[in-house]
Amino acid sequence: MASVNWPLDYNEIKPFYDRVDQLIGIFGTNEGLENDPDGIFLPPPKPRLHELFIKNAATQAGVRVIPSRLSILTQPLPGNSERGSCQFCAQCARNCSYYKADFSSPNVLIYPAMKTGNIDIISNAMAREVLTDREGLATGISYVSKEDNQEYQVSGSVVILAASACESARLLLNSKSQRHPNGLANNSNVVGKYLHDSTGAALGGYLPSPLLVVNVTMKTVWVVCTFIRPGGWITKNSISLVVITSNTGVEWDNLLMVSILALKT
Ligand SMILES: Cc1cc2nc3c(=O)[nH]c(=O)nc-3n(C[C@H](O)[C@H](O)[C@H](O)COP(=O)(O)OP(=O)(O)OC[C@H]3O[C@@H](n4cnc5c(N)ncnc54)[C@H](O)[C@@H]3O)c2cc1C
C-alpha cells in the first residue's frame with residue numbers, strides 16, 4: 001500500500017538532534033544502523049551480567065545487540081561544570097538531584113535557563129487557549145491561575161505548544177476564532193483524532209547457567225545484588241579473580257540477584 005512520505009527527512013533534523021545530544025548528554029554507540037541513527041554520544045557503561053548473557057545468546061541467534069542510549073552522564077559533559085557523572089546508584093527514577101547526571105527538565109534545562117536571568121516562569125498556571133491576531137497568527141496564551149482561578153494573558157512573538165500530545169491537541173481545538181472556526185492548525189479536521197499510544201511488550205526469562213567465571217582486573221567487588229536498572233556492574237579495588245554466581249529461578253524482569261564471591265589473590 002502506498003503511503004504519503006514525511007515532509008521532512010532525517011538529514012534535515014539531524015543537526016538539531018546533534019545539538020540536543022550535546023546539550024543534555026546521551027550515552028550510546030555509533031552503529032551505522034538506519035533505524036537507530038548515529039549521534040554525538042558519551043561512552044556507554046560496561047555491560048552487566050544479564051546483559052552479557054543476552055548478548056551472548058542473541059549473537060549466536062544472529063540478533064545484533066547494542067548498548068541502549070540513555071540521557072545519563074557516564075562522563076562529565078564537556079563544557080558543563082554544573083553536572084557530575086553517574087555514580088551507578090541505580091536510583092535514576094528519584095531524580096539525580098546531587099550529581100545531576102540524569103536528565104530531568106528542571107536540572108538540565110530550567111535551572112540553567114533561570115541562571116541566565118532571561119526567563120520568567122509562571123507556575124501553577126493552566127494554559128487555556130492560544131490567542132491569535134486578525135491574520136490568524138499566534139500572539140500569546142490565555143491561562144488560568146491555579147492560585148486565584150483568574151484568567152490572565154501573556155503575549156509573545158513565538159508561541160510553542162509543548163503540553164504533550166493530547167493536551168496540545170486539546171489546546172489547539174480550544175483556540176477557536178473567526179479565522180480558525182475549527183480550532184487552530186486544524187484545516188484538515190484531524191487534530192485530536194487518530195491518536196495512537198505506543199504499544200509495548202514485556203519479556204521474562206530464567207538464567208540458564210548458575211555459574212559464570214569472569215577474569216577481571218579490579219580491586220574490591222561490592223556489588224552483591226543488582227536491580228535491572230541503569231547502573232554499572234562491578235567496581236574497584238584489588239582482586240584479580242571474581243566468581244559470579246547468579247541465582248536461578250528469579251523472575252529477572254523485576255529483580256536479578258547476583259551473588260558475587262570475590263577471591264583475593
Ligand atoms: C511512565 C512513563 C514512562 C515513559 N518512559 C519513557 C522512556 O523510557 N523513554 C522514552 O523515550 N519515553 C518514555 N515515555 C514517554 C515520554 O515521557 C513522553 O513521550 C515525553 O515526555 C513527551 O514529552 P512532551 O514534552 O511532549 O510532554 P510532557 O513531558 O508530558 O510535558 C508536557 C508538560 O506540559 C504541562 N501541561 C500540560 N497541559 C498544560 C496546560 N494546559 N497548561 C500548562 N502546562 C500544561 C505538563 O504539566 C507537562 O509538564 C514515558 C512516559 C511515561 C508516562
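**View 1. Tyr143 stands opposite Tyr152 in strand E3.** This is a close-up of a predicted model. Strand E2 covers residues 138–145, and E3 covers residues 151–155. E2 and E3 run antiparallel. Five bridges join them.

**View 2. Strands E1 and E2 form a hairpin.** How many bridges pair E1 with E2? There are seven, and the sense is antiparallel. One facing pair is Met126 and Val144, the latter in E2. Five residues lie between the two strands. Gly136 sits in that turn. The phi of Gly136 is positive, at about 90°.

**View 3. Three strands make an open sheet.** The order is E1-E2-E3, and the pairing is antiparallel. Which strands stand at the edges? They are E1 and E3. Each has a single partner strand, so one side of each has no neighbour in the sheet. On average, neighbouring strands of this sheet are turned by 30° against each other, with direction ignored.

**View 4. Six residues surround the ligand: Met126, Ala127, Ala162, Ala163, Ser164 and Glu167.** Which elements give two or more residues to this shell? They are strand E1 (125–132) and helix H4 (164–174). By type, the shell divides into four nonpolar residues, one polar and one charged. Met126 links this view to the hairpin: this shell residue stands opposite Val144 in E2.

**View 5. Helix H2 spans residues 49–60.** How far apart should the ends of this helix be? H2 has twelve residues, and at 1.5 Å a residue they should span 16 Å. The C-alpha atoms at its ends are 17 Å apart, which agrees. Gly62 follows H2. The phi of Gly62 is positive, near 80°.

**View 6. Confidence varies along the chain, from strand E5 at the lowest to strand E3 at the highest.** The mean pLDDT of the chain is 79. Of its residues, 76% reach 70 or more. E3 has a mean of 98. E5 (residues 239–246) has a mean of 34. Over residues 210–265 the pLDDT is below 50. Beyond near neighbours in sequence, this stretch has 100 contacts in the model. How should such a region be read? Where pLDDT is low, the predicted coordinates should not be read in detail.

How values were computed:
Residues numbered from 1 in each chain as written. Predicted model: local features only at pLDDT ≥ 70, side-chain atom pairs only at ≥ 80, totals over all residues. Near = placed C-beta within 6 Å. Helix = DSSP H or I, 4+ residues; strand = E, 2+ residues; numbered from the N terminus. Nonpolar A, V, L, I, M, F, W, Y, C, P; charged D, E, K, R; others polar. Pairing = 2+ DSSP bridges. Expected span 1.5 Å × (residues − 1). pLDDT = per-residue confidence, 0-100. Contact = placed C-beta atoms within 7 Å. Axes fitted to C-alpha atoms, helices over the stretch in contact; angles between N-to-C directions.
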